[in-house]
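Student: I am new to this structure. Could you take me through a single part of it closely, one step at a time?

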Amino acid sequence: MKTNVPAIAAPRQNLALLLIIRGLLIFALLIGLAVSYWLYAIELPYVLLIWLVSSFVLLNIVMALRLRQPWPVTALEFSVQIVVDILAVSVLFFFCGGASNPFISYYLVPVTISMVTLPWRFTWALALLSIVCYSVLLIYNIPIPGLAPSSHAHHGASYLNAHVVGMWFNFILSVILISYFVVRMSNALKAQQALINQQREDNLRDEQLLAVATLAAGTAHELGTPLTTMKVLVDEMVHDYSGDGNLAKDMSLLKQQVQVCTKTLKDLSIQAEANESRGDYRVNLHQFAEKVIERWQVLRPDVVASISLQDDNQQTAEFYSTLDQALINLLNNAADACHHQVNITITWNKQQMRFVIEDDGAGISSNVREQLGQPFVSTKRRGLGLGLFLSNATISRAGGTIEIKDRESGGTTLIVLIPLVESEK
């Protein structure tokens, strides 16, 4: 089925980790204020700074309570929390020496966090915000004599000495380089993880297919003997009760159904042997579509169908060997679901073949739709839940996709896209 891999993984966990890092920052700030007051006796606006740190603590508590709520954590909310961190430390740095504060490089922490957890547009916006805050603190700050360089102390707060300018330039260069390389590495890791997840799903699907195929082969073998016995008994009953009109008619119908079952098992065996030997095969697309529709109409003569088939008898392509049966399964599902009519539109171009199957049934609930395509999940009362699973697996192996949509007028629209590999003429 058609699935989308989320670009950002576990935003709630990322926010929880951010709160832990913020808690460590608050602890470090309290330790720094204590050392500055009792050990070095540095003159700072301690009352104001304590109020700022207390506000930071209160925010962390509020966000911790917010994480207990079921509301989803979005990338925007996570970005806002990082912005709060950057602005909060900027205010603290303003009262503690500005760009000359030795902890000014903490700006790199929230920027790096955003690089590995957020989309690139958020990352670059936060990196730019950090550069702007650093640049502002370079000029506007309350200097601390014990932290300011000697030339800075002699020439006043307006003088930018080479050391401070060098720190500023180094910070900007670090932010740009880290942002570029970390974002690229993060994207590569996400792509690799998505590929691993896809391979894991493919392996699981193949294991499920093997289990279903083994079950089908065993069932077909076991059904052979009972069907043969039933055929013999039905033949005898048809002969014995040929004079009873109503019973003879029922016996004839029963005989016909047994013959259909026997032929189906025989065709299944022949097709399995053919598939093992031929693999993919080349077909004329128009003839392939006509064959699929004709086979389905023979199976479901009771269904009213509106069929639109592209008028192109020239194009050929290479197809997966059981693709026709997969499409017939999907058509049967639509036939089972419809009330009056099934609409079928088949088109193609050089790149792909497109099957649009519409029914006017009751539709599919969102809960069931999420599980469709898994084995033993069915919307039909007597369904086994294998038809759509096998069809989805076959079409996926051919590189195609199945998309299910609701119709505005009621019912379901099934869109099957199959990539084409043109055959050599």
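Tutor: Let us start with the aromatic rings. This is a predicted model, and the count of aromatic pairs in it comes to 5. Take Phe93 and Tyr107. Their ring centres lie 5.8 Å apart and their planes meet at 65 degrees, so this pair is edge-to-face. Planes over 60 degrees apart earn that label.

Where do the two residues of this pair, Phe93 and Tyr107, lie? Phe93 belongs to helix H3, residues 75-94. Tyr107 sits in the loop between H3 and helix H4, which covers 108-117. The pair therefore ties together parts that are 14 residues apart in sequence.

Now check the cover. Phe93 has a relative accessible area of 8%, so Phe93 is buried. Tyr107 has 0% and is buried too. The cut-off for buried is under 20%.

Tyr107 has a second ring partner. With Tyr134, Tyr107 forms a tilted aromatic pair. The centres are 6.3 Å apart, and 50 degrees separate the planes. Tyr134 lies in helix H5, while Tyr107 lies in the loop between H3 and H4, so this pair ties together parts 27 residues apart in sequence. Both Tyr107 and Tyr134 are buried.

Helix H4 deserves a look as well. Val111 lies in this helix. At a relative accessible area of 1%, Val111 is buried. From Val111 to Ile86 the C-alpha distance is 8.9 Å, with their positions 25 residues apart in sequence.

Go back to helix H3 and turn to charges. Asp85 lies in H3 and forms a salt bridge with Arg22 of helix H1, residues 11-39. Their closest N and O atoms are 2.8 Å apart. Because Arg22 is in H1 and Asp85 in H3, the bridge ties together parts 63 residues apart in sequence. Are these charged residues buried or exposed? Arg22 has 1% relative accessibility and counts as buried. Asp85, at 2%, is buried as well.

H3 holds another charged partner. Glu77 of H3 pairs with Arg66 of helix H2, residues 46-66. Here the closest N and O atoms are 2.5 Å apart. The two residues are 11 apart, and their salt bridge links distant parts of the chain. Arg66 and Glu77 are both buried. Across the whole structure, the search finds 7 salt bridges.

Next, follow helix H5 out to the surface. A nonpolar patch there is formed by Phe94, Leu128, Val132, Val136, Ile139, Tyr140 and Ile142. Together they have about 640 Å² of accessible area. Which helix gives the largest share of the nonpolar patch? Helix H5, residues 120-139, supplies 4 residues. Tyr140 is found in the loop between H5 and helix H6, 150-155. At 55% relative accessibility, Tyr140 counts as exposed, whereas Tyr134 is buried.

One more residue: Cys96, with a relative accessible area of 12%, is buried. The structure holds 0 disulfides.

Finally, set this part in the whole chain. The chain has 12 helices and 7 strands. Of its 425 residues, 36% count as buried. Take the contacts between residues at least 6 apart in sequence: 73% of them join residues at least 24 apart. The pair of Tyr107 and Tyr134, 27 residues apart, and the salt bridge of Arg22 and Asp85, 63 residues apart, each tie separate parts together.

Conventions. Residues are numbered from 1 along each chain as its sequence is written. This is a predicted model: local features need pLDDT of at least 70, side-chain atom pairs count only at pLDDT 80 or more; totals for chains, interfaces and linings use all residues. Side-chain values use heavy atoms; hydrogens and water are left out. A disulfide is a pair of cysteine sulfur atoms within 2.5 Å. Buried means under 20% relative accessible area, exposed over 50%, partly exposed in between (1.4 Å probe, protein chains only). Patches are made of residues with over 30% relative accessible area and no salt bridge: like charges are joined within 9 Å, nonpolar side chains (Val, Leu, Ile, Met, Phe, Trp, Tyr) within 5 Å. Accessible areas come from the Shrake-Rupley method with a 1.4 Å probe; for residues, only the protein chains shown count as cover. A salt bridge is a side-chain nitrogen of Lys or Arg within 4 Å of a carboxyl oxygen of Asp or Glu. Contact means heavy atoms within 4.5 Å. Rings of Phe, Tyr and Trp (its six-membered ring) pair if their centres lie within 6.5 Å; planes under 30 degrees apart count as stacked, over 60 as edge-to-face and the rest as tilted.
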